[in-house]
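Here's an informal walk through one model, taken a region at a time. Have the sequence and the coordinates open as you read.

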Amino acid sequence: MNYSLHPSVGVARLGNSEGQFYLAPDKIGGLPFEADEWGNKIDSPVSNFKDSKGQIRRQGQPFKIIDEDNNELTLTNDNVKAITWTVHIANKKAAWYEFNELQGNLLLGDDNSYDSRGTPLRNAAETNRHSLIIDPGPRTIFGANAKATFDKTGAPNNYPVSFPPPPCQGTEIKSLGDILTDNEGRLIVIGGYGSAGGNEPLESYGGADTWHDDTADGTVYCTITFNDGKELKLSAWIIIGSPDFAPEIVNISNLSDTMFDVAIREQNLCSEMYSNGEFQPSYQANYYRDIEPIVQRISRYQWVSNVQSMSAFVSNIFDFKDNSQENKDNRQAYFKYFRRPVDLATVQQTPPFEQTNQQLFEYGAEGHLPLMPMNSGSNSVSNAEDNIVDKFLTLTQTQYFLLSQWASGNFSNEKPPSTTSALDSFGVFQADQGSAGNCVGLPMCPGIEVTWSLQNPVVYAAPYVIKDQSMGHGFPSGLTPSRDECEGGGCQPGDLTKRMACPWQADFFNCTVQNVNFTEPTINKVNEGTEENPHMVPLAPSYYSYWWPPQSPWDVLTNQLDDQSATHLPAGQQVNYARGINSFVQMVENWSSLGFIRNQNAQEPNFPFFTETERNHQLFAYKDVPVSDITGNPQDDGTDIPVFYIPEDVKSHLSSGCSKAKALLKGLEEKMSKPITAKPAGRSVPRSGTRTRR
């Protein structure tokens with residue numbers, strides 16, 4: 001029997017709750033599952049993402065040994081003697097280059113390398129680059145109900161463990177998370193605690209030198225020993241990212257779509273769809289598998305953003321599954337509003353005016369309706385003289401091709417038959433899709449969990465499988481801080497997350513909305529300051545666009561069950577998701593106060609109603625500020641501006657509050673961090689070019 005380890009790329013997530021965790025969802029857009037203290041799955045979805053102190057529970061990723069018929073191998077199998085797990089995760093962010101949009105992406109050509117672009121290193125003055133890596137070394141456990149922690153102790157003898165010293169600001173990183181086994185010997189990898197700290201003031205959405213956080217990624221190895229003495233060795237990868245604050249809402253192009261696109265175009269996953277370097281027009285798409293998910297994802301963006309122009313693309317204006325010739329005009333009218341993807345390999349060779357990812361409207365600047373998807377591209381921040389411009393989002397090339405087949409009528413509207421197989425119709429394990437599909441795929445600037453390096457086929461050994469540099473043997477001599485896995489040779493622990501912002505909370509504060517110019521293909525920003533004191537702002541005219549609202553919500557509805565004396569808002573009002581967190585510093589310190597967006601009508605899937613839940617309302621104070629206080633004009637006193645903020649004396653504010661406030665205070669005191677500062681102007685303005693936050 002041929003067994004393999006799944007998911008091939010698992011996703012654990014951070015949380016600051018000390019004792020509580022849950023298990024990752026097993027399908028795209030699914031809720032996580034409850035579990036007991038050893039990770040034994042309780043077959044019910046998570047009801048609360050936070051504990052009684054208002055702290056976020058961590059997400060654990062289970063790994064299973066299964067065959068193609070979905071038969072699972074555990075310690076309960078009669079022929080299994082032992083199952084041994086070895087996991088090695090690391091964080092390489094501080095030892096890598098500063099994040100600078102698409103600089104370093106080798107898919108855009110060798111002249112876009114970090115060296116060619118002159119991209120500076122993070123912490124460039126530090127000569128001992130290995131000391132910048134958070135590397136606890138590998139951990140090995142076996143049997144049932146075993147546990148290990150990724151802290152400074154517990155690594156094999158002579159392994160060069162590396163942790164940053166206690167910081168002057170923020171919170172010391174003492175662990176990258178835990179691993180444990182359940183009653184049947186399955187592995188669960190649990191994320192860290194959301195700690196972040198450094199010595200210098202925070203500068204921008206990319207973070208700052210001297211800073212570290214506890215996101216991570218790395219290898220998962222499994223050895224099954226059978227009673228007859230034979231052994232089977234398997235491997236997978238784990239990513240530890242930030243919390244998924246809207247787990248039931250899926251990105252239009254998620255990470256599974258990115259991996260699938262690479263597999264189709266570069267790994268010969270389906271030669272009937274793609275061969276000889278091009279998509280095959282004879283290939284028949286399937287409406288339910290290939291088209292309906294795109295439409296459904298578009299429909300759910302309304303609960304985390306306010307993109308009116310997308311509403312027309314989810315209304316039932318015609319029967320989307322009707323493949324008749326009579327319906328062809330409707331399908332093609334729909335399809336024409338989707339931007340044609342640009343091949344990254346040739347983007348620099350294409351005149352900017354021919355790049356559809358630079359186009360907002362269907363007929364250029366004089367158009368009437370913004371093209372789809374209505375999101376920012378992977379670089380609507382910096383200009384062509386310094387970077388590769390990518391203003392507006394497109395689908396992946398494979399998504400776009402399948403949608404074009406639907407538009408032309410070359411698709412089936414028969415529902416795929418139900419199956420107990422672990423594989424989908426392309427031969428991809430559904431567990432692999434279900435894991436990666438809950439992460440951001442596009443845009444990637446840098447992204448949320450991972451970035452554009454996952455678009456590069458050289459980082460894969462097979463579809464959905466990360467190429468391990470050690471070929472399953474681990475890294476007994478330690479990790480390398482400087483190698484670029486996008487040049488080939490496979491990945492090391494820490495490679496998939498090292499290009500992300502450091503700390504992640506800084507980018508999360510600003511990876512929300514973007515004012516994108518739509519008239520000049522090579523220009524995103526202009527300097528309204530001086531050469532000595534630049535002030536870069538989006539070139540007008542610009543269009544209000546979103547980054548990845550399913551992962552970083554912006555416009556949400558308040559919850560009807562919340563205490564309105566604490567929320568200061570009526571139920572059903574659309575408000576800014578992060579209201580009251582007004583700086584990088586406050587996001588680093590108070591990210592766990594954010595709410596989770598949940599479907600309140602899950603029993604009726606055709607009629608969802610998503611609202612904000614579990615927000616720590618008690619942390620925030622509220623004022624109605626008369627406009628006249630700002631303008632000095634008493635004639636403006638008929639209009640107020642609602643302002644949410646965190647009081648300077650948080651302890652007094654919470655200690656005088658209700659029981660929830662006192663419980664929240666207890667949790668904050670247990671995780672008290674050193675005061676954090678930020679540079680007044682920062683190295684650059686916020687990525688959106690504006691400080692306004694509704």
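Helices (H or I, at least four residues) and strands (E, at least two) are DSSP runs, numbered from the N terminus. With that in hand, we can place E520: this residue sits in the loop between β27 (513-517) and β28 (525-527).

Before going further, a word on the ground rules. This is a predicted model, where local features need pLDDT of at least 70, side-chain atom pairs count only at pLDDT 80 or more, and totals for chains, interfaces and linings use all residues. Residues are numbered from 1 along each chain as its sequence is written, and side-chain values use heavy atoms, with hydrogens and water left out.

**Around E520**

Is E520 buried, exposed or partly exposed? The cut-offs are under 20% relative accessible area for buried, over 50% for exposed, and partly exposed in between (1.4 Å probe, protein chains only). E520 counts as partly exposed because its relative accessibility is 37%. Setting aside neighbours within four places in sequence, E520 is in contact (heavy atoms within 4.5 Å) with K391 and L539. Its C-alpha atom is also 8.4 Å from that of Q358, and these two residues are 162 residues apart along the chain.

**Two annotated domains**

UniProt supplies two domain labels, both from an unreviewed entry. Its positions are given in the numbering used here, feature names are shortened, and annotations may be inferred rather than shown by experiment. The record lists "domain: L-Lysine epsilon oxidase N-terminal" for residues 6-240. In the model, that span is 2% helix and 35% strand, and its end C-alpha atoms lie 16 Å apart. The record also has "domain: L-lysine epsilon oxidase C-terminal", covering residues 373-524. Here the span is 17% helix and 12% strand, with the end C-alpha atoms 19 Å apart.

**Helix α5 and its partners**

Two packed helices are described by the angle between their axes and the distance between the axes. Axes here are lines fitted to C-alpha atoms, for helices over the stretch in contact, and angles run from 0 to 180 degrees between N-to-C directions. Angles under 35 degrees count as roughly parallel, over 145 as roughly antiparallel, 65 to 115 as roughly perpendicular and the rest as oblique.

Take α3 (residues 287-300) and α5 (residues 397-408) to begin with: their axes come within 10 Å and cross at roughly 105°. That is why α3 is described as roughly perpendicular to α5. On the α3 side the contact uses Y287, D290, I291, I294 and R297, and α5 brings Q399, L402, L403 and W406. These residues divide into six nonpolar, one polar and two charged. For the classes, Ala, Val, Leu, Ile, Met, Phe, Trp, Tyr, Cys and Pro count as nonpolar, Asp, Glu, Lys and Arg as charged, and the others, Gly among them, as polar.

Then there's α2 (residues 255-266), which packs on α5 at an angle of about 80°, with the axes 8 Å apart. These two are therefore roughly perpendicular to each other as well. D257, F260, D261, I264 and R265 of α2 meet Q397, T398 and Q399 of α5. By class, this contact has two nonpolar, three polar and three charged residues.

**A hairpin and a small sheet**

Two strands pair if DSSP finds at least two bridges between them. β4 (residues 33-35) and β5 (residues 41-45) are antiparallel and share three bridges, with A35 bridged to K41 in β5. Together β4 and β5 make a hairpin with five residues between them, and G39 in the turn has a positive phi of about 85°.

Elsewhere, three strands form an open sheet in the order β11-β14-β15, with antiparallel pairing. Its edge strands, β11 (169-170) and β15 (212-213), each pair on one side only. β11 is joined to β14 (residues 196-198) by two bridges, and G170 stands opposite G197 in β14.

**Backbone oddities**

A few loop residues deserve a look for their backbone angles.

| Residue | Backbone feature | Location |
|---|---|---|
| P7 | cis bond from H6, omega near 0° | loop between β1 (4-6) and β2 (9-13) |
| P373 | cis bond from M372, omega near -10° | loop between β21 (362-365) and β22 (376-379) |
| E101 | positive phi near 50° | loop between β8 (80-90) and α1 (114-117) |
| N123 | positive phi of about 50° | loop between α1 and β9 (139-142) |

Neither E101 nor N123 is a glycine. E101 is buried, with a relative accessible area of 4%, and N123 also counts as buried, at 10% relative accessibility.
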